Amino acid sequence: MVERWKKVVSDRAAKIIDVEEIEPESLELLEPEMRPEEYIETLSSAGKFADAITVLTRALPAREAVWWGCVCASEMELVRKNKGEVLALKAAEQWAYKPTDENRLNAFTQAQQSDSPSAGTLLCMAVVFSGGKLELGDDQSVDFDVGKFIGIASAVVLISASEKKGDEYDKTLHRFLLKGQDIARGGGGKSK
């Protein structure tokens with residue numbers, strides 16, 4: 001039996017998954033009473049890393065999901081070599097450290113300034129979609145659909161592995177999943 005992960009709050013995987021996001025073969029592995037940790041481990045053992053990443057993103061609070069994305073995106077050459085992406089990554093990290101409206105607005109601004117959107121910019125968008133209404137100043141606000149957060153946050157992890165091809169892509173997805181599991185246990189995600 002898989003031990004409980006500190007940051008996962010749901011007691012059943014079936015409560016948090018969206019069947020339209022998961023491959024039919026992965027859904028067949030879900031048992032009604034499985035905890036998210038057990039389902040993620042089962043998916044990982046079956047080599048269904050992308051689905052395990054989606055489920056883990058759903059299982060984590062927004063702050064931890066964004067941090068996981070930051071850890072993964074920081075490995076992308078495309079992010080490290082593009083000044084705008086580095087700034088976007090830093091804005092997302094700042095929100096993960098301190099999830100304030102001010103830092104969320106900074107992530108929104110940084111996403112708008114991106115000249116070549118990649119994982120860093122997507123992280124900023126995940127931050128923006130992590131909450132509803134965002135005050136822009138001058139009596140302006142935008143109400144963001146928090147339902148889009150999961151898709152954006154899980155896409156960051158998947159895109160962060162996309163510089164690898166073939167077996168290396170799968171190995172990178174697995175390694176990123178292990179980082180996410182470390183975060184779910186209460187770690188920083190940088191140990192693996």
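The following exercises, with worked solutions, concern salt bridges and burial in a predicted model.

Residues are numbered from 1 along each chain as its sequence is written, and side-chain values use heavy atoms, with hydrogens and water left out. In this predicted model, local features need pLDDT of at least 70, side-chain atom pairs count only at pLDDT 80 or more, and totals for chains, interfaces and linings use all residues.

**Exercise 1.** Determine which residue forms a salt bridge with Lys-179, and where the two partners lie.

*Solution.*
1. A salt bridge requires a side-chain nitrogen of Lys or Arg within 4 Å of a carboxyl oxygen of Asp or Glu.
2. Lys-179 meets this criterion with Glu-75, the closest N and O atoms being 3.5 Å apart.
3. Lys-179 belongs to helix H11 (residues 167-184) and Glu-75 to the loop between helix H5 (62-73) and helix H6 (77-80), so the pair ties together parts 104 residues apart in sequence. Helices are DSSP runs (H or I, at least four residues), numbered from the N terminus.
4. Lys-179 is buried, at 4% relative accessible area, whereas Glu-75 is partly exposed at 29%. Here buried means under 20% relative accessible area, exposed over 50%, and partly exposed in between (1.4 Å probe, protein chains only).

**Exercise 2.** Establish whether Ala-13 is buried or exposed, and list its contacts beyond four places in sequence.

*Solution.*
1. Ala-13 is found in helix H1 (residues 13-16).
2. Its relative accessibility of 0% classes Ala-13 as buried.
3. With contact taken as heavy atoms within 4.5 Å, and neighbours within four places in sequence set aside, Ala-13 touches Leu-30, Met-34, Arg-35, Pro-36 and Tyr-39.
4. For Tyr-39, 26 residues away along the chain, the C-alpha separation from Ala-13 is 6.6 Å.

Key:
Helices (H or I, at least four residues) and strands (E, at least two) are DSSP runs, numbered from the N terminus.
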